[in-house]
Amino acid sequence: MASEYGFWLICCLFSILLLYCLFELHYFLRMCLCVFLARFVKRKCHILETTTVSGICLTNDIDTLLYHMNNARYLRELDFARVDFYERTNLYRTIVAKGGSVFQGAATIRYRRFIRPFRRFKIASRIIYWDDQSVFMEHRFIRPSDQFIHCIAICRQRIVDCSAEDVMNELLSPKTAQLQASRNTLSSTVTLDHAIASTNVDQDMAENGQVHTKMKPDMPPEIQKWIEYNDLSSKNLRPTC
């Protein structure tokens, strides 16, 4: 009997080792945890609200002999920040309900200061602009102790098979905004009113508490230049492939 238990234990250990060799298993496990927390534990957020996720630089995140977070790890950490934002704002569900899908079309990142091993950070994510095809998100890596911004990234989330404008209009509709507000807990320190007041969107609160969107944010200058660069890059690549 003991030998049988030992055999199955060795099989389980070998299977786990094989999974780690073939896949980055802890990445998928952490992604599942992020989805679970965003869907069932954390409060729902308005589409124009800023969401945050926490992280820590571990030994498997550091660069070779440089003793700070590897540059590529920043982009991987954005996966967890995005899935948290998608779930808490219902952005992904709305896209799927309209028959569409979303993928990352472009990203730019600017590093300001190292994140050292075993140092905590948080990623603040928000939508800063959208057009008919894409949603543009800003992600900031922030040091919790003094709010210093270690790094800032801009990502273009390309929406296909449906209109990004239609998706955003649905999430900004009074009915949707009121539903999101009703799901927030009374103990939450960030209310829907505060989220709306802190955005660049020209909005007002009606007497019945509903949100009426007058206009979306103006295109930030850096986004305009970035879109121009991406368009030029696409034109240069088309003749070669």
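**View 1. Asn90, in the loop between α3 and α4**. This predicted model gives Asn90 a positive phi of about 65 degrees, even though Asn90 is not a glycine. That's worth a look, because most residues other than glycine have a negative phi. Is Asn90 buried or exposed? With a relative accessible area of 13%, Asn90 is under the 20% cut-off, so it counts as buried.

**View 2. Tyr67, in the loop between β1 (51–56) and α3**. Here's another residue other than glycine with a positive phi, this one near 60 degrees. Which side of the cut-offs does Tyr67 fall on, buried or exposed? Its relative accessibility is 53%, and exposed means over 50%, so Tyr67 goes down as exposed.

**View 3. The largest nonpolar core, with its 18 residues**. If you want the residues with the most contacts inside this core, pick out Ile47, Leu91, Ile127 and Val135. Which elements supply at least two residues each? They are the helices α3 (71–89), α4 (91–97) and α5 (164–172), together with the strands β3 (120–130) and β4 (134–142). The top contributor is α5, which puts in five residues. As background, nonpolar side chains tend to be buried together in soluble globular proteins.

**View 4. Ile127 and the residues it touches**. Leave out anything up to four places away in sequence, and Ile127 still touches Ile47, Phe85, Val135, Phe136, Met137 and Met168. Two of these names, Ile47 and Val135, also turn up with Ile127 among the residues with the most contacts inside the largest core.

**View 5. Another core, lying apart from the largest one**. This one has 13 residues, including Val53, Tyr74, Phe121 and Phe141.

**View 6. Residues 6–29, listed by UniProt as "transmembrane region"**. The label comes from an unreviewed entry. What does the model itself have for this span? Residues 6–29 are 92% helix and 0% strand, and the C-alpha atoms at the two ends lie 26 Å apart.

**View 7. Stepping back to the whole protein, with eight helices and seven strands**. The protein has 241 residues, and 40% of them are buried. Take the contacts with a separation of 6 or more: 69% of them are between residues 24 or more positions apart. The accessible surface comes to about 14,400 Å², and carbon and sulfur atoms account for 59% of that.

Technical notes:
Residues are numbered from 1 along each chain as its sequence is written. This is a predicted model: local features need pLDDT of at least 70, side-chain atom pairs count only at pLDDT 80 or more; totals for chains, interfaces and linings use all residues. Side-chain values use heavy atoms; hydrogens and water are left out. Helices (H or I, at least four residues) and strands (E, at least two) are DSSP runs, numbered from the N terminus. Buried means under 20% relative accessible area, exposed over 50%, partly exposed in between (1.4 Å probe, protein chains only). Contact means heavy atoms within 4.5 Å. Accessible areas come from the Shrake-Rupley method with a 1.4 Å probe; for residues, only the protein chains shown count as cover. A nonpolar core is a set of buried Ala, Val, Leu, Ile, Met, Phe, Trp, Tyr and Cys residues joined through side-chain atoms within 4.5 Å. UniProt positions are given in the numbering used here, feature names are shortened, and annotations may be inferred rather than shown by experiment.
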